[in-house]
Amino acid sequence: MRLSVSLLLAAWFCGAAHAQSWPQKPVKVIVPFPPGGVTDAVARITADWLTQRLGQAVVAENRPGASGAIAAEAVARAEPDGYTLLSAAAPQLAVVPYVQKINYDPIKDFAPISIVGANSFVLGCNANVPAKTLKELIDLARPGQLNYASPGQGSVGHLSMALLLARAGVKMEAVLYKGGGPAVADMVAGHVPCYFGNLNELLPHVGSGRVRLLATSGSQREATLPDVPTVAEQGYPGFRTATWNGYVAPANTPRAVVDHLAREIGAACKDAAFAARLNKIGVDPVCGTPAEFSRSIAEDLAIWKEAVQAAGIKPQ
């Protein structure tokens, strides 16, 4: 017993000493997508904050490919010393495992640090579509003659729509695009009737009167869209899809380092300037704890598994 206590105390002191001495060199954050997107922006905003707080440079490095799986695998195999982190988005840890073969385990291979920010999705339709509520759209779709724009098979927008349609018991044909930009453009132009996507993709078109927003996908209404009800409010209780961006480390990274990073990120969302930078790109500040992040990953794995099955996607 004395030996066990001694070993536990030694491990604790080693972790504490490591946290006090860490970081002694720049910290690298691997971003799984190219520059310019929301994940890249959140990674760099957070890296700027941590650079100021840690006294060492926190540098974002883009490593796109395989829907983010290349970056995720690289971090999963990195030395667990706190000097290599992943700016993870929901797809790498909760969607990609169901749509393609990967060489990492989203639960076992990472130590969650903090969800920095999150955003739900919004269902928008061209204003010429004769549906002003979600129920009216579902009724309109029942004959099976409507389609919708998808930013790509397996994308969170595609899967959100597939999950909604499965729960409503109706079918709509997905028109696949290479990204949200062209999908939104065709929806706004009236070439396809509807699109389920990021709020910041659709919000700029609402003022023109060419797009009508029917529902949001979160567990509660969006602060910027208080008059748009959630899907759950409109007859589908429990429906929730959202995406998040956060930092994770390789599994077995010293707990003291993970907690240190989580505390510094936790302080970020209390800073008005940091929160404003996230709001500007359509992201709601979260800055949660490692335990909260772990629960979110587990919950999202169940949600996206159902969505992938509803979409009929098989792992490639």
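**Exercise 1. Find how many disulfides the structure holds, and describe each one.**

Solution. The structure holds two disulfides, a disulfide being a pair of cysteine sulfur atoms within 2.5 Å. This is a predicted model: local features need pLDDT of at least 70, side-chain atom pairs count only at pLDDT 80 or more, and totals for chains, interfaces and linings use all residues. Residues are numbered from 1 along each chain as its sequence is written, and side-chain values use heavy atoms, with hydrogens and water left out.

Step 1. Cysteine 125 is joined to cysteine 194, S to S 2.2 Å. The torsion about this S-S bond is about 100°, so the disulfide is right-handed. Cysteine 125 sits in strand 4 (residues 110-126) and cysteine 194 in strand 7 (residues 194-198), so the pair ties together parts that are 69 residues apart in sequence. Helices (H or I, at least four residues) and strands (E, at least two) are DSSP runs, numbered from the N terminus.

Step 2. Cysteine 269 is joined to cysteine 287, S to S 2.0 Å. Here the S-S torsion is about 65°, so this disulfide is right-handed.

Step 3. Number the bonded cysteines in sequence order: the pairing is 1-2, 3-4.

**Exercise 2. Decide whether cysteine 125 and glutamate 264 are buried or exposed.**

Solution. Step 1. Apply the cut-offs: buried means under 20% relative accessible area, exposed over 50%, partly exposed in between (1.4 Å probe, protein chains only).

Step 2. Cysteine 125 has a relative accessible area of 0%, so cysteine 125 is buried.

Step 3. Glutamate 264 has 14% relative accessibility, so glutamate 264 counts as buried. Glutamate 264 belongs to helix 9 (residues 255-268). Setting aside neighbours within four places in sequence, glutamate 264 is in contact (heavy atoms within 4.5 Å) with Trp49, Leu50, Arg53 and Leu54.

**Exercise 3. Name the residues that touch the most other members of the largest nonpolar core.**

Solution. Step 1. A nonpolar core is a set of buried Ala, Val, Leu, Ile, Met, Phe, Trp, Tyr and Cys residues joined through side-chain atoms within 4.5 Å.

Step 2. The largest one has 55 residues, and Leu86, Phe110, Leu137, Leu164 and Trp244 touch the most other members. Apart from this core lies another, of 28 residues, Tyr83 and Ile113 among them.

Step 3. Look around leucine 137. Beyond its neighbours within four places in sequence, leucine 137 is in contact with residues including Leu123, Leu146 and Leu214. Cys125 and Cys194 are also in contact with leucine 137.
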